[in-house]
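Here is a short set of exercises to work through with the model open beside you. Try each task by yourself, then compare your steps with the solution.

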Amino acid sequence: GLDFGTFQTKVSINHLDKYLQKHEFFEFGDEDNKSFFLPTKVFILNDGLVKYGSYDGQNIKNVFNYFKMASAEDKRFLVASEISNSIYNYKNSYEDFSPEFLAVLYITNVLLLIRSQYDKKINSETSTSLGLFSKLRKQKVELNNFIVRMGIPTEYSKEANYLRRRKFETILLISEMIQKKFEYSLNEYLKQDVDNLKKIVIEFNKQIPSNTNDFEEFLIESQLSVFPESAAGLLYFVKSGKLERAKMYAAIDIGGGTSDMSFFNVLPNGRIKYIASESYMVACNNIYLNYNSNTNRILENIKITEDKIIKLIQNKGWEKDDNYTESVLTVRRQIG
(Lines give C-alpha, C1' and ligand atoms only; values in the text may rest on other atoms or scores of the structure.)
Protein backbone atom coordinates (compact mmCIF):
# COMPACT_ATOMS: atom_id res chain seq x y z
CA GLY A 1 0.00 0.00 0.00
CA LEU A 2 1.60 3.24 -1.20
CA ASP A 3 0.70 6.59 0.44
CA PHE A 4 2.25 8.94 -2.11
CA GLY A 5 2.23 12.19 -0.10
CA THR A 6 2.78 15.84 -0.92
CA PHE A 7 5.64 16.15 1.61
CA GLN A 8 6.57 12.55 2.34
CA THR A 9 5.65 9.01 1.36
CA LYS A 10 4.88 5.97 3.49
CA VAL A 11 4.44 2.30 2.57
CA SER A 12 2.61 -0.53 4.33
CA ILE A 13 3.31 -4.15 3.44
CA ASN A 14 0.61 -6.82 3.75
CA HIS A 15 2.03 -10.33 3.36
CA LEU A 16 -0.33 -12.59 1.42
CA ASP A 17 1.52 -15.92 1.49
CA LYS A 18 3.08 -17.68 4.49
CA TYR A 19 3.02 -14.40 6.44
CA LEU A 20 -0.78 -14.26 6.16
CA GLN A 21 -2.31 -11.30 8.02
CA LYS A 22 1.08 -9.84 8.84
CA HIS A 23 1.30 -6.09 8.23
CA GLU A 24 4.37 -3.92 8.60
CA PHE A 25 5.45 -0.42 7.66
CA PHE A 26 8.45 -0.24 5.37
CA GLU A 27 11.55 1.43 6.82
CA PHE A 28 13.58 3.65 4.50
CA GLY A 29 17.25 4.46 4.97
CA ASP A 30 20.25 2.56 6.33
CA GLU A 31 20.76 0.95 9.74
CA ASP A 32 21.95 4.19 11.34
CA ASN A 33 19.20 6.42 9.94
CA LYS A 34 15.90 4.58 9.48
CA SER A 35 12.52 6.20 9.01
CA PHE A 36 9.00 5.14 8.08
CA PHE A 37 8.77 8.28 5.93
CA LEU A 38 10.64 9.17 2.74
CA PRO A 39 10.53 12.87 1.73
CA THR A 40 8.77 13.30 -1.60
CA LYS A 41 11.73 14.97 -3.33
CA VAL A 42 13.80 14.40 -6.45
CA PHE A 43 17.37 15.72 -6.69
CA ILE A 44 19.07 16.18 -10.06
CA LEU A 45 22.85 16.23 -9.66
CA ASN A 46 25.36 18.12 -11.78
CA ASP A 47 26.44 14.89 -13.49
CA GLY A 48 22.83 14.08 -14.45
CA LEU A 49 22.30 11.30 -11.91
CA VAL A 50 19.19 11.35 -9.73
CA LYS A 51 18.75 11.03 -5.96
CA TYR A 52 15.49 10.60 -4.07
CA GLY A 53 14.09 11.41 -0.63
CA SER A 54 16.89 12.95 1.42
CA TYR A 55 20.23 14.05 0.00
CA ASP A 56 22.75 16.51 1.46
CA GLY A 57 25.51 16.36 -1.17
CA GLN A 58 27.08 19.49 -2.62
CA ASN A 59 26.67 18.65 -6.31
CA ILE A 60 22.93 19.37 -6.59
CA LYS A 61 21.70 21.08 -9.76
CA ASN A 62 17.93 21.03 -9.11
CA VAL A 63 15.58 19.96 -6.32
CA PHE A 64 11.93 19.16 -7.12
CA ASN A 65 9.01 18.67 -4.76
CA TYR A 66 5.21 19.15 -4.80
CA PHE A 67 5.08 17.15 -8.03
CA LYS A 68 2.48 14.82 -6.55
CA MET A 69 -0.05 17.64 -6.29
CA ALA A 70 0.95 19.13 -9.63
CA SER A 71 0.30 15.71 -11.20
CA ALA A 72 -3.22 15.73 -9.80
CA GLU A 73 -4.06 19.21 -11.05
CA ASP A 74 -6.75 19.90 -13.60
CA LYS A 75 -9.33 22.64 -14.18
CA ARG A 76 -12.14 20.73 -12.50
CA PHE A 77 -10.01 20.20 -9.40
CA LEU A 78 -9.27 23.92 -9.14
CA VAL A 79 -12.93 24.87 -9.59
CA ALA A 80 -14.05 22.41 -6.90
CA SER A 81 -11.41 23.79 -4.55
CA GLU A 82 -12.38 27.42 -5.29
CA ILE A 83 -8.79 28.36 -6.04
CA SER A 84 -8.24 30.52 -9.12
CA ASN A 85 -4.44 30.56 -9.09
CA SER A 86 -3.08 27.25 -7.86
CA ILE A 87 0.17 27.28 -5.89
CA TYR A 88 0.95 23.90 -7.46
CA ASN A 89 1.06 25.01 -11.07
CA TYR A 90 4.33 23.49 -12.19
CA LYS A 91 4.79 25.41 -15.45
CA ASN A 92 6.84 28.19 -13.91
CA SER A 93 8.77 25.93 -11.54
CA TYR A 94 9.67 22.75 -13.38
CA GLU A 95 10.62 23.94 -16.86
CA ASP A 96 10.77 20.75 -18.97
CA PHE A 97 10.47 18.47 -15.93
CA SER A 98 6.76 17.68 -15.90
CA PRO A 99 5.29 16.61 -12.54
CA GLU A 100 4.16 13.33 -14.10
CA PHE A 101 7.75 12.58 -15.17
CA LEU A 102 9.04 13.36 -11.67
CA ALA A 103 6.28 11.21 -10.13
CA VAL A 104 7.29 8.26 -12.33
CA LEU A 105 10.95 8.57 -11.29
CA TYR A 106 10.14 8.91 -7.60
CA ILE A 107 7.62 6.05 -7.42
CA THR A 108 9.97 3.77 -9.38
CA ASN A 109 12.69 4.41 -6.81
CA VAL A 110 10.29 3.71 -3.91
CA LEU A 111 9.05 0.43 -5.37
CA LEU A 112 12.56 -0.75 -6.24
CA LEU A 113 13.69 0.02 -2.69
CA ILE A 114 10.92 -2.24 -1.40
CA ARG A 115 11.59 -5.02 -3.90
CA SER A 116 15.32 -5.01 -3.12
CA GLN A 117 14.64 -5.18 0.61
CA TYR A 118 12.35 -8.19 0.30
CA ASP A 119 14.63 -9.92 -2.20
CA LYS A 120 17.31 -9.73 0.51
CA LYS A 121 14.94 -11.40 2.96
CA ILE A 122 14.18 -14.17 0.48
CA ASN A 123 17.91 -14.57 -0.21
CA SER A 124 18.63 -15.26 3.45
CA GLU A 125 15.66 -17.62 3.78
CA THR A 126 16.71 -19.66 0.72
CA SER A 127 20.38 -19.98 1.64
CA THR A 128 19.87 -23.66 2.43
CA SER A 129 18.47 -24.41 -1.02
CA LEU A 130 21.15 -22.87 -3.23
CA GLY A 131 20.27 -25.02 -6.22
CA LEU A 132 16.79 -23.58 -6.57
CA PHE A 133 18.00 -20.09 -5.75
CA SER A 134 20.74 -20.20 -8.41
CA LYS A 135 18.21 -21.34 -10.96
CA LEU A 136 15.93 -18.43 -10.10
CA ARG A 137 18.75 -15.92 -10.41
CA LYS A 138 19.86 -17.30 -13.75
CA GLN A 139 16.32 -16.92 -15.04
CA LYS A 140 16.27 -13.34 -13.70
CA VAL A 141 12.81 -13.88 -12.26
CA GLU A 142 11.41 -11.75 -9.43
CA LEU A 143 11.68 -13.55 -6.12
CA ASN A 144 8.51 -11.90 -4.85
CA ASN A 145 5.15 -11.17 -6.44
CA PHE A 146 3.95 -7.66 -5.62
CA ILE A 147 0.45 -6.20 -5.76
CA VAL A 148 0.67 -2.40 -5.54
CA ARG A 149 -2.17 -0.14 -4.38
CA MET A 150 -1.85 3.66 -4.31
CA GLY A 151 -4.12 6.33 -2.83
CA ILE A 152 -4.82 9.53 -4.80
CA PRO A 153 -6.81 12.78 -4.34
CA THR A 154 -10.39 12.34 -5.52
CA GLU A 155 -13.43 14.31 -6.66
CA TYR A 156 -17.15 13.81 -6.30
CA SER A 157 -17.41 14.24 -10.08
CA LYS A 158 -17.27 10.84 -11.76
CA GLU A 159 -15.59 12.30 -14.85
CA ALA A 160 -12.92 14.16 -12.88
CA ASN A 161 -12.22 11.06 -10.80
CA TYR A 162 -11.87 8.93 -13.91
CA LEU A 163 -9.38 11.30 -15.53
CA ARG A 164 -7.23 11.65 -12.42
CA ARG A 165 -7.29 7.94 -11.67
CA ARG A 166 -6.25 7.17 -15.25
CA LYS A 167 -3.33 9.59 -14.96
CA PHE A 168 -1.98 7.94 -11.81
CA GLU A 169 -2.60 4.46 -13.21
CA THR A 170 -0.48 5.46 -16.20
CA ILE A 171 2.27 6.73 -13.87
CA LEU A 172 2.24 3.36 -12.07
CA LEU A 173 2.28 1.41 -15.35
CA ILE A 174 5.27 3.34 -16.73
CA SER A 175 7.05 2.78 -13.42
CA GLU A 176 6.40 -0.96 -13.67
CA MET A 177 7.75 -1.02 -17.24
CA ILE A 178 10.93 0.77 -16.13
CA GLN A 179 11.43 -1.72 -13.30
CA LYS A 180 11.11 -4.63 -15.71
CA LYS A 181 13.54 -2.98 -18.12
CA PHE A 182 16.23 -2.93 -15.43
CA GLU A 183 15.24 -6.41 -14.18
CA TYR A 184 14.06 -4.97 -10.86
CA SER A 185 17.61 -3.87 -10.01
CA LEU A 186 17.75 -0.72 -7.88
CA ASN A 187 21.47 -0.33 -8.57
CA GLU A 188 20.97 -0.41 -12.34
CA TYR A 189 18.16 2.12 -12.10
CA LEU A 190 20.23 4.55 -10.02
CA LYS A 191 23.02 4.41 -12.63
CA GLN A 192 20.78 6.07 -15.25
CA ASP A 193 21.15 9.79 -15.88
CA VAL A 194 18.11 12.01 -16.19
CA ASP A 195 18.39 12.43 -19.99
CA ASN A 196 18.27 8.66 -20.50
CA LEU A 197 15.35 8.37 -18.09
CA LYS A 198 13.45 11.02 -20.07
CA LYS A 199 13.86 8.98 -23.25
CA ILE A 200 12.72 5.81 -21.51
CA VAL A 201 9.63 7.44 -19.97
CA ILE A 202 8.62 9.02 -23.30
CA GLU A 203 9.00 5.70 -25.11
CA PHE A 204 7.06 3.70 -22.52
CA ASN A 205 4.31 6.32 -22.42
CA LYS A 206 3.78 5.73 -26.15
CA GLN A 207 3.33 2.02 -25.46
CA ILE A 208 0.49 2.51 -22.97
CA PRO A 209 -2.73 1.20 -24.64
CA SER A 210 -5.18 3.95 -25.60
CA ASN A 211 -8.10 1.54 -25.81
CA THR A 212 -9.91 1.37 -22.45
CA ASN A 213 -10.30 -2.42 -22.42
CA ASP A 214 -6.65 -2.99 -23.32
CA PHE A 215 -5.56 -0.45 -20.70
CA GLU A 216 -7.61 -2.14 -17.97
CA GLU A 217 -6.24 -5.55 -18.95
CA PHE A 218 -2.68 -4.19 -18.85
CA LEU A 219 -3.37 -2.78 -15.39
CA ILE A 220 -4.74 -6.09 -14.08
CA GLU A 221 -1.81 -8.06 -15.50
CA SER A 222 0.58 -5.67 -13.77
CA GLN A 223 -1.35 -6.04 -10.47
CA LEU A 224 -1.62 -2.28 -9.97
CA SER A 225 -4.57 -0.30 -8.62
CA VAL A 226 -5.47 3.22 -7.50
CA PHE A 227 -7.88 4.14 -4.68
CA PRO A 228 -9.26 7.39 -3.20
CA GLU A 229 -6.85 8.51 -0.46
CA SER A 230 -9.38 8.85 2.32
CA ALA A 231 -11.31 5.72 1.28
CA ALA A 232 -8.09 3.73 1.48
CA GLY A 233 -7.95 4.53 5.18
CA LEU A 234 -11.37 3.02 5.85
CA LEU A 235 -9.78 -0.41 6.36
CA TYR A 236 -8.64 0.72 9.81
CA PHE A 237 -12.20 1.57 10.82
CA VAL A 238 -13.46 -1.76 9.52
CA LYS A 239 -10.93 -3.70 11.61
CA SER A 240 -11.34 -1.58 14.76
CA GLY A 241 -14.92 -2.78 15.40
CA LYS A 242 -15.64 0.55 17.10
CA LEU A 243 -18.17 1.90 14.60
CA GLU A 244 -21.86 1.43 15.25
CA ARG A 245 -23.77 -0.40 12.57
CA ALA A 246 -26.53 1.01 10.35
CA LYS A 247 -25.11 4.54 10.56
CA MET A 248 -23.45 7.01 8.18
CA TYR A 249 -19.93 8.34 8.76
CA ALA A 250 -17.42 10.73 7.21
CA ALA A 251 -13.63 10.28 7.24
CA ILE A 252 -11.42 13.35 6.77
CA ASP A 253 -7.71 13.22 5.94
CA ILE A 254 -6.08 16.67 6.20
CA GLY A 255 -2.63 16.42 4.64
CA GLY A 256 -0.01 18.80 3.29
CA GLY A 257 -1.61 19.55 -0.07
CA THR A 258 -5.19 18.31 0.11
CA SER A 259 -8.02 17.64 2.50
CA ASP A 260 -9.69 14.37 1.46
CA MET A 261 -13.18 13.45 2.62
CA SER A 262 -15.02 10.15 2.23
CA PHE A 263 -18.62 9.34 3.15
CA PHE A 264 -19.69 5.79 3.97
CA ASN A 265 -22.29 3.65 5.70
CA VAL A 266 -21.69 0.80 8.12
CA LEU A 267 -24.23 -1.85 7.13
CA PRO A 268 -26.07 -4.05 9.68
CA ASN A 269 -23.74 -6.93 8.81
CA GLY A 270 -20.73 -4.77 9.74
CA ARG A 271 -19.50 -4.20 6.20
CA ILE A 272 -18.60 -0.77 4.81
CA LYS A 273 -20.63 0.73 1.96
CA TYR A 274 -18.55 3.45 0.31
CA ILE A 275 -20.67 6.40 -0.92
CA ALA A 276 -18.42 9.18 -2.24
CA SER A 277 -15.12 11.04 -1.85
CA GLU A 278 -13.94 14.54 -2.57
CA SER A 279 -10.62 16.36 -2.27
CA TYR A 280 -9.93 20.07 -1.82
CA MET A 281 -6.65 21.84 -2.43
CA VAL A 282 -6.84 23.41 1.02
CA ALA A 283 -4.72 21.85 3.77
CA CYS A 284 -1.67 22.45 5.97
CA ASN A 285 0.26 24.19 3.19
CA ASN A 286 -2.38 26.91 3.15
CA ILE A 287 -1.78 27.64 6.83
CA TYR A 288 1.86 28.31 6.03
CA LEU A 289 0.98 30.37 2.96
CA ASN A 290 -1.52 32.50 4.89
CA TYR A 291 1.05 32.93 7.64
CA ASN A 292 3.52 34.23 5.05
CA SER A 293 0.84 36.71 3.86
CA ASN A 294 -0.81 36.95 0.47
CA THR A 295 2.17 38.82 -1.00
CA ASN A 296 4.56 35.94 -0.43
CA ARG A 297 2.58 32.86 -1.55
CA ILE A 298 5.39 30.80 -3.04
CA LEU A 299 6.26 27.19 -2.37
CA GLU A 300 9.90 27.78 -1.55
CA ASN A 301 8.93 29.53 1.70
CA ILE A 302 6.65 26.78 3.01
CA LYS A 303 9.38 24.66 4.59
CA ILE A 304 10.94 27.65 6.36
CA THR A 305 7.54 28.69 7.71
CA GLU A 306 6.68 25.12 8.72
CA ASP A 307 9.88 24.86 10.78
CA LYS A 308 9.13 28.22 12.40
CA ILE A 309 5.59 27.17 13.36
CA ILE A 310 6.77 23.82 14.72
CA LYS A 311 9.19 25.66 17.04
CA LEU A 312 6.39 28.03 17.98
CA ILE A 313 4.18 25.09 19.02
CA GLN A 314 7.00 23.30 20.83
CA ASN A 315 7.73 26.43 22.85
CA LYS A 316 3.98 26.78 23.59
CA GLY A 317 3.93 30.28 22.13
CA TRP A 318 1.44 29.72 19.32
CA GLU A 319 -1.55 31.10 21.27
CA LYS A 320 0.16 34.49 21.46
CA ASP A 321 0.83 34.61 17.71
CA ASP A 322 -2.27 36.24 16.18
CA ASN A 323 -0.98 35.63 12.65
CA TYR A 324 -0.80 31.88 13.27
CA THR A 325 -4.22 31.54 14.95
CA GLU A 326 -5.88 33.59 12.19
CA SER A 327 -4.18 31.46 9.50
CA VAL A 328 -5.48 28.27 11.14
CA LEU A 329 -9.01 29.68 11.49
CA THR A 330 -9.01 30.76 7.84
CA VAL A 331 -8.11 27.26 6.66
CA ARG A 332 -10.63 25.70 9.04
CA ARG A 333 -13.36 27.87 7.54
CA GLN A 334 -12.31 26.90 4.01
CA ILE A 335 -12.35 23.18 4.82
CA GLY A 336 -15.59 23.45 6.77
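**Exercise 1: the two sides of a helix**

Task: N213, I220 and E221 are exposed on one side of helix α8; which residues of α8 are buried, and what caps its N-terminal end?

Solution.
- Step 1, know the model. This is a predicted model, in which local features need pLDDT of at least 70, side-chain atom pairs count only at pLDDT 80 or more, and totals for chains, interfaces and linings use all residues. Residues are numbered from 1 along each chain as its sequence is written, and side-chain values use heavy atoms, with hydrogens and water left out.
- Step 2, settle the terms. Helices (H or I, at least four residues) and strands (E, at least two) are DSSP runs numbered from the N terminus. Buried means under 20% relative accessible area, exposed means over 50%, and partly exposed is in between (1.4 Å probe, protein chains only).
- Step 3, find the buried residues. In α8, which spans residues 212-221, these are F215, F218 and L219. They lie on the same side of α8 because their arc around the axis is only 100° (taken from the directions from the helix axis to the C-beta atoms).
- Step 4, recall the geometry. An α-helix has 3.6 residues a turn, so residues three or four places apart point the same way.
- Step 5, inspect the ends. N211 is the N-terminal cap of α8, with a side-chain oxygen 2.9 Å from the backbone nitrogen of N213. After α8 comes Q223, with a positive phi near 55°.

**Exercise 2: the surroundings of T9**

Task: Is T9 buried or exposed, and which side chain does the side chain of T9 meet in a polar contact?

Solution.
- Step 1, place T9. This residue is part of strand β2, residues 8-14.
- Step 2, check accessibility. T9 counts as buried because its relative accessibility is 0%.
- Step 3, look for polar partners (N or O pairs within 3.5 Å; within protein, one atom must be able to donate a hydrogen and the other to accept it, and residues adjacent in sequence count only if both atoms are side-chain atoms). The side chain of T9 has such a contact with the side chain of Y106, at 3.2 Å. The T9 side chain also reaches the backbone nitrogen of G5, at 3.5 Å.
- Step 4, list contacts (heavy atoms within 4.5 Å). Apart from neighbours within four places in sequence, the partners of T9 include L2, F28, F36, F37 and Y106.
- Step 5, follow one partner outward. F37 is in the loop between β3 (23-25) and β4 (38-39), and its relative accessible area of 36% makes F37 partly exposed.

**Exercise 3: salt bridges**

Task: How many salt bridges are there, and which parts does the pair E100 and K167 tie together?

Solution.
- Step 1, apply the rule. With a side-chain nitrogen of Lys or Arg within 4 Å of a carboxyl oxygen of Asp or Glu, the count is nine salt bridges.
- Step 2, take the named pair. E100 and K167 meet through their side chains at 3.1 Å, N to O. Since E100 is in helix α3 (residues 99-125) and K167 in helix α5, this bridge ties together parts 67 residues apart in sequence. E100, at 22% relative accessibility, is partly exposed, and so is K167, at 26%.
- Step 3, compare a pair inside one helix. R165 and E169 form a salt bridge of 3.0 Å, N to O, and both lie in α5, four residues apart, about one turn of the helix. R165 is partly exposed at 28%, whereas E169 is buried at 4%.
- Step 4, add K247 and E244, whose side chains meet at 3.0 Å, N to O. Elsewhere, shared partners join R165, R166, E169 and E216 into one network of salt bridges.

**Exercise 4: positive phi**

Task: What sign does phi have at E183 and at A246, and where do E183 and A246 lie?

Solution.
- Step 1, recall the background. Most residues other than glycine have a negative phi.
- Step 2, take E183. Its phi is positive, about 50°, and E183 is in the loop between α5 (158-181) and α6 (186-190). At 45% relative accessibility, E183 is partly exposed.
- Step 3, take A246. Phi is positive here too, near 65°, in the loop between α10 (234-240) and β10 (247-254). A246 counts as exposed because its relative accessibility is 59%.

**Exercise 5: the whole chain**

Task: How many helices and strands are in the protein chain, and what percentage of its residues count as buried?

Solution.
- Step 1, count elements. The chain has 13 helices and 12 strands.
- Step 2, check burial. Of its 336 residues, 42% are buried.
- Step 3, sort contacts. Among those with a separation of 6 or more, 61% join residues 24 or more positions apart.
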